[in-house]
Amino acid sequence: MKKLIAIVLVLIGLVLVSAIRGNANNVIDVANGGVPKDAAASLSQAELVEINQLWQGSAHALADVNCSSCHQDSDTKELVVKPTQESCQSCHEVAVETFLYGKHGIRISEGLSPLTPAMAHLPMKESAMDKQMNCNSCHNVHSVDTWQASVDSCLTCHNDSHSLNYQNSKHAQLFADQGTLPRPNGESVTCATCHLPRQQLENTENTIVVNHNNTFTLKPRDRMVKEVCMNCHSVEYSYNSIFDDELVEENFSQPPTLKLETFDLVRAFEKKRSSQAEE
């Protein structure tokens, strides 16, 4: 009986030691710039330096969002080797919530595997077919470069005519003229400008958020007119453009040639009403 008790105590001791060692490996190494110990152990010094440099120039660094903010579970303090959208959502609630509504994220919200370009109906680049759609697909995980995410990330996967023709558009020229700012400004027109529009958060005065629902401005098609196009263009110019299928395919490389009859009818009605008012 004593031998059995001794064996049980030894086994319990081994379990406790293993648990302690596991927790020790999962803590954040402050001396190494806040990099989790397990993660740091699997990276070369050059990789650690590169990650640190990317982070130092990021908006996260300016906001004191460090490695542990994403790589450490807030409840258990365990290491999170590959943070998911749940880590992002702790700060970017609206961005993640709207992402999960769109085509890019809807599968995740339904408990399915993430969307990949291989599942898409539009032409996609062969090199990206197995890429899983999540926050990290478009945003570099350490530089969180919104300049890159606004166009380059889209063209990493999308290989359809509309996407590829962006580079030949007036919108692309406006974007290029801005230079390499920390992020696209209000005068830039990128893929994200139209498909992930910035919007004022409800019940706030100055809080602007990005709607990451990439389906929002696609259907119905004229929703983009109100949400995006009319920020710069007239209502008639916008409608004539958005319903010109050939122009959409060319990514609005020139002014619209389509003339919707609706606006002629409106002008005729207004002219008639004005004449009647004068009488």
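# A tour of the predicted model

Select Val-189, Cys-194, Met-224, Val-225, Val-228, Cys-229, Ile-242, Leu-247 and Phe-252: these nine residues form the largest nonpolar core. Such a core is a set of buried Ala, Val, Leu, Ile, Met, Phe, Trp, Tyr and Cys residues joined through side-chain atoms within 4.5 Å. Buried means under 20% relative accessible area, exposed means over 50%, and partly exposed is in between (1.4 Å probe, protein chains only). In soluble globular proteins, nonpolar side chains tend to be buried together.

This is a predicted model, in which local features need pLDDT of at least 70 and side-chain atom pairs count only at pLDDT 80 or more, while totals for chains, interfaces and linings use all residues. Residues are numbered from 1 along each chain as its sequence is written, and side-chain values use heavy atoms, with hydrogens and water left out.

Within the core, pick Cys-194. Not counting residues up to four places away in sequence, Cys-194 touches Val-189, Thr-217, Met-224 and Val-228 (contact means heavy atoms within 4.5 Å). Apart from the largest core lies another, of seven residues, including Trp-147, Val-151, Tyr-166 and Phe-175.

Phe-175 leads to helix 13, residues 170-177, where His-171, Ala-172 and Phe-175 are the buried residues. They cover an arc of only 100 degrees around the axis, so they are on the same side of helix 13; the arc is that of the directions from the helix axis to the C-beta atoms. Helices (H or I, at least four residues) and strands (E, at least two) are DSSP runs, numbered from the N terminus. The buried residues of helix 13 pack against helix 10 (146-150). Turn to the other side of helix 13 to find Lys-170, Ala-176 and Asp-177 exposed.

Next, go to the loop between helix 8 (106-109) and helix 9 (135-138), and select Thr-116. Thr-116 is buried, at a relative accessible area of 13%. Its contacts, not counting residues up to four places away in sequence, are Met-129, Asp-130, Lys-131 and Gln-132. Pro-114 is in the loop between helix 8 and helix 9. Leaving aside neighbours within four places in sequence, Pro-114 is in contact with Arg-107, Ile-108, Met-119, Gln-132 and Met-133.

Now the rings. The structure holds three aromatic pairs. Tyr-239 and Phe-243 have ring centres 6.1 Å apart and planes at 10 degrees, so this pair is stacked. Rings of Phe, Tyr and Trp (its six-membered ring) pair if their centres lie within 6.5 Å; planes under 30 degrees apart count as stacked, over 60 as edge-to-face and the rest as tilted. Add Phe-263 to see the cluster that ring pairs make of Tyr-239, Phe-243 and Phe-263.

Finish with the charges. The structure holds four salt bridges, each a side-chain nitrogen of Lys or Arg within 4 Å of a carboxyl oxygen of Asp or Glu. Asp-245 and Arg-221 meet in one of them (2.8 Å, N to O). Asp-245 is in helix 17 (residues 245-249) and Arg-221 in the loop between strand 4 (208-210) and helix 15 (223-227), so the pair ties together parts 24 residues apart in sequence.

Glu-236 forms a salt bridge with Arg-267, their closest N and O atoms being 2.8 Å apart. Glu-236 lies in helix 16 (residues 235-242) and Arg-267 in helix 18 (residues 261-278), 31 residues apart. The side chains of Asp-264 and Arg-267 also meet in a salt bridge (2.8 Å, N to O). Salt bridges that share partners join Glu-236, Asp-264 and Arg-267 into one network.
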